[in-house]
Amino acid sequence: MERPITFLSDYGYADEFAGVCRAVIARIAPESPVIDLTHGVAPRDVVGGALMLADALPHAPAGVHLAVVDPGVGSERRAIAVRVADEDRVLVGPDNGLLWPALEALGGAVEAVDLAASPFRLEPLSATFHGRDLFAPVAARLAGGATLAEAGESLAPDSLARLELPLARVEADRVVAEVLHLDRFGNATLSVHSEQLEGGPLRLGQALAIEIAGSPSAATFARTFAEVPEGAAVVYEDSSRRLALAVNAGSAAEALGLRAGDEVVLRPSDAGVEQRGRSPRVRGD
Amino acid sequence: MERPITFLSDYGYADEFAGVCRAVIARIAPESPVIDLTHGVAPRDVVGGALMLADALPHAPAGVHLAVVDPGVGSERRAIAVRVADEDRVLVGPDNGLLWPALEALGGAVEAVDLAASPFRLEPLSATFHGRDLFAPVAARLAGGATLAEAGESLAPDSLARLELPLARVEADRVVAEVLHLDRFGNATLSVHSEQLEGGPLRLGQALAIEIAGSPSAATFARTFAEVPEGAAVVYEDSSRRLALAVNAGSAAEALGLRAGDEVVLRPSDAGVEQRGRSPRVRGD
Amino acid sequence: MERPITFLSDYGYADEFAGVCRAVIARIAPESPVIDLTHGVAPRDVVGGALMLADALPHAPAGVHLAVVDPGVGSERRAIAVRVADEDRVLVGPDNGLLWPALEALGGAVEAVDLAASPFRLEPLSATFHGRDLFAPVAARLAGGATLAEAGESLAPDSLARLELPLARVEADRVVAEVLHLDRFGNATLSVHSEQLEGGPLRLGQALAIEIAGSPSAATFARTFAEVPEGAAVVYEDSSRRLALAVNAGSAAEALGLRAGDEVVLRPSDAGVEQRGRSPRVRGD
């Protein structure tokens with residue numbers, strides 16, 4: 001019985017890259033279901049891809065988890081397959097930090113191999129498309145029952161490239177966060193885990209004074225969009241258990257001029273902060 | 001034997017949302033094939049999603065039909081599963097009208113349940129991602145053989161939210177329609193069902209005088225694009241049996257400045273309408 | 001045992017077109033796995049689709065290969081199914097050149113049929129969506145074991161529409177190529193097959209003087225992106241064994257103002273060409 005394969009990449013949808021990888025998998029492991037998580041990671045955005053992968057994998061069936069966001073393809077960055085503690089899952093991809101948050105979320109790396117000279121790779125190995133020639137065939141063979149030891153050369157799990165996602169600073173009267181990601185709806189994921197909120201200054205239901213890259217604005221800390229009027233900004237715990245900033249029935253990215261990496265400071269607005277610009281405004285106002 | 005699941009949403013392709021739902025389904029119902037109809041519905045566009053769903057489902061195998069365009073997620077809008085008369089199909093999604101035209105196209109609702117307290121939902125239920133936590137797991141369990149009665153609490157089918165798509169007015173010398181949808185090719189679906197044309201003023205092969213949001217233009221009522229010169233406008237019966245407006249080898253949306261919701265008036269051009277602007281022009285000319 | 005079906009089109013992701021075709025296939029051939037190569041071919045771009053198809057199919061499992069980029073749908077262009085020499089593969093699509101490079105890559109056409117009156121088509125046949133009504137059901141029936149003779153009327157393989165991709169001119173001191181395609185990363189595929197380089201003026205490791213649509217620039221002929229500094233231009237053999245032009249950690253399309261069809265002239269830069277504009281520049285500088 002072949003294991004399922006999940007697949008995430010920055011290959012996009014305009015080209016045949018992801019499709020060719022799926023074709024390679026279908027040729028080697030025709031019985032393995034392939035679940036595309038997304039191929040819409042922004043080009044070369046290792047951090048964005050790592051975040052999506054870590055959020056998605058706990059919901060996926062245990063199997064082989066292929067992920068390719070690989071700006072250093074063909075360079076000396078390692079290509080790896082890693083087994084984690086949880087459910088014998090195996091992650092396959094470049095060793096550039098992309099896999100790291102997911103490895104952490106799945107109990108940590110237990111076994112790892114370097115795929116550079118994998119007997120499963122396709123020949124000739126292209127210098128720029130390891131998704132097709134290396135990662136996909138290795139994932140397919142692992143899904144079909146091959147062991148990590150057969151796939152590559154053993155390497156120390158603690159030598160893997162790490163990627164620490166930024167984490168907000170929770171202070172007595174404010175939370176200093178960063179925009180991690182903007183999604184299709186214009187919602188901004190912030191670098192605040194819900195666990196960080198315990199004992200902090202923010203309370204559900206509160207009016208918040210926020211500063212985005214230095215500009216003041218306002219929002220309500222609510223459970224969901226619909227609890228604020230249309231067009232109003234809302235801070236809420238999103239489905240990844242992080243705080244997020246949205247505009248009900250609109251795009252916070254557009255209305256508030258948000259960009260990935262922006263600093264966002266959140267305070268209870270009764271904390272004496274001067275309140276200008278209570279409604280969403282376009283950056284530059 | 002698990003039933004197939006079709007899946008349509010406005011989750012887009014840049015994020016992992018649709019992929020995570022597929023992952024949840026694969027975990028619960030690994031044998032159910034999932035057929036993605038599209039995840040490219042415009043964000044929060046319930047009407048656009050409803051139209052695509054109603055057009056697509058009659059072509060899909062009978063099974064469970066998951067659809068999520070859900071701007072009111074977490075509010076008091078109901079989450080529902082509905083069985084229709086045709087082939088025992090079950091539709092799953094928010095009760096905001098999204099499912100309504102498809103229910104109508106499939107013989108009408110026969111049985112419905114409210115999923116708010118479904119035993120199949122994932123815990124903790126997030127406030128903003130019911131696709132992952134409620135709709136996908138319910139769809140998967142239904143595909144695996146669970147009954148509607150097991151999935152939620154019975155509700156009266158005639159209490160479901162309705163969505164009536166706009167329908168053109170056919171008069172003695174003209175048809176007054178609306179642009180329902182613009183597709184990738186820039187073709188505009190109009191609110192005219194081919195059945196409405198019987199006895200009306202339009203005939204295949206005719207030159208037409210058209211007005212788009214008040215501006216005059218011209219087109220030919222033909223069977224397909226290629227029957228008019230490249231760059232010329234054509235009105236034709238599209239694959240959903242509605243009239244559509246296109247430009248051969250080009251984009252009607254661009255050439256004619258069309259937007260969803262625009263009023264489009266169609267007349268036989270020998271009806272005495274003054275003819276200015278016979279060729280496509282950019283809005284604002 | 002049903003054969004796999006690969007599927008490529010210009011239907012895009014915003015609409016339900018590709019999903020409806022998959023639905024039709026699932027209804028007729030529920031056991032056939034469908035491998036989406038891409039639906040992101042630019043609208044009506046027969047040449048781009050042909051290039052992707054020819055590059056992808058050799059990596060795909062043998063089966064039925066459905067491809068639809070069909071600006072002439074409903075006109076007199078033929079609809080065809082073609083069997084090739086390699087592995088009994090069958091290609092299905094419009095006879096407008098889209099299939100031609102793939103047929104060549106797979107050993108050439110051995111048997112072909114005209115699908116216009118195929119008993120497998122859906123009725124009523126729409127005039128504008130042959131993907132749904134003709135190509136998908138024919139592909140599904142062929143995957144389920146039907147023969148070409150059952151699918152349509154025999155036609156002479158040498159009557160099929162041909163599409164010759166442009167090929168670079170290799171001269172003593174330069175290579176005169178064309179941009180065939182720009183991908184999601186902004187990399188430009190050039191019309192230079194690696195086989196053409198033997199005996200020509202270009203050597204791996206060389207500094208190159210390039211002219212793009214007449215404007216001078218510079219690049220290095222390397223094995224992969226990472227061999228040049230970030231922001232620098234690199235010419236390399238891509239995964240389709242053609243030369244490509246990229247910018248490390250950036251978009252060559254943006255940095256060099258490239259467009260499909262641009263002429264690109266490549267020379268060893270020690271060949272005495274005057275060197276202006278060594279770094280990427282925006283077209284129009």
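1. A good place to start is the overall tally: over all chains, the count comes to 45 salt bridges. Please keep in mind while reading that this is a predicted model. The points below pick out a few of these pairs, and then turn to how the chains meet.

2. Two pairs within chain B are worth a look. In one, the side chains of E87(B) and R89(B) form a salt bridge, at 2.9 Å from N to O. The partners differ in their surroundings: R89(B) is buried, with a relative accessible area of 1%, whereas E87(B) is partly exposed, at 41%.

3. The other pair joins R267(B) to E211(B), with 3.3 Å between the closest N and O atoms. R267(B) sits in strand β15 (residues 263–268) of chain B and E211(B) in strand β11 (residues 207–212) of chain B, so this salt bridge ties together parts that are 56 residues apart in sequence. Here R267(B) counts as buried because its relative accessibility is 17%, under the 20% limit. E211(B), in turn, is partly exposed, with a relative accessible area of 25%.

4. Chain C offers a pair of sequence numbers side by side: D133(C) forms a salt bridge with R132(C), and their closest N and O atoms are 2.6 Å apart. Both D133(C) and R132(C) are buried.

5. Now to the interface of chain C with chain A. The contact draws 32 residues from chain C and 30 residues from chain A. Together the two chains bury about 2500 Å², of which 56% is on carbon and sulfur atoms. Three residues stand out on the chain C side: H59(C), R184(C) and F185(C) supply 30% of the area that chain C buries against chain A, more than any other three residues.

6. How many salt bridges are counted between chain C and chain A? The count is one. R27(A) pairs with E87(C), the closest N and O atoms being 3.2 Å apart. That pair does not stand alone, as R27(A), E87(C) and R89(C) are linked in a network of salt bridges.

7. Polar contacts add to this picture, with 15 residue pairs found across the interface of chain C and chain A. On the chain C side, β2 (34–38), α2 (46–56), β9 (175–182) and β13 (233–237) each supply at least two residues that touch chain A. Among these elements, β2(C) gives the most, with four residues. Sorted by class, the side of chain C that touches chain A has 15 nonpolar, eight polar and nine charged residues.

8. Finally, the symmetry. A turn of 120° with a shift of 0.0 Å along the axis lays chain C on chain A, with an RMSD of 0.0 Å. The two copies are therefore related as by a three-fold rotation axis. In chain C, Y13(C) has the C-alpha nearest the axis, 4.7 Å from it. Which surfaces do the copies use to meet? They meet through different surfaces, because only 9% of the interface residues of chain C are also interface residues in chain A.

9. Chain B and chain C tell a matching story. Chain B is superposed on chain C by a rotation of 120° with 0.0 Å of shift along its axis, at an RMSD of 0.0 Å. Of the residues of chain B, Y13(B) comes closest to the rotation axis, its C-alpha lying at 4.7 Å. These copies, too, use different surfaces, with 9% of the contact residues of chain B recurring in chain C.

Note on methods
Residues are numbered from 1 along each chain as its sequence is written. Chains are lettered from A and ligands numbered from 1 in the order in which they are written. This is a predicted model: local features need pLDDT of at least 70, side-chain atom pairs count only at pLDDT 80 or more; totals for chains, interfaces and linings use all residues. Side-chain values use heavy atoms; hydrogens and water are left out. Contact means heavy atoms within 4.5 Å. Buried area is the accessible area (1.4 Å probe) that two parts lose on being put together, summed over both. A salt bridge is a side-chain nitrogen of Lys or Arg within 4 Å of a carboxyl oxygen of Asp or Glu. A polar contact is a pair of N or O atoms within 3.5 Å; within protein, one must be able to donate a hydrogen and the other to accept it, and residues adjacent in sequence count only if both atoms are side-chain atoms. Ala, Val, Leu, Ile, Met, Phe, Trp, Tyr, Cys and Pro count as nonpolar, Asp, Glu, Lys and Arg as charged, and the others, Gly among them, as polar. Copies are superposed by least squares on the C-alpha atoms of residues with pLDDT of at least 70 in both. Buried means under 20% relative accessible area, exposed over 50%, partly exposed in between (1.4 Å probe, protein chains only).
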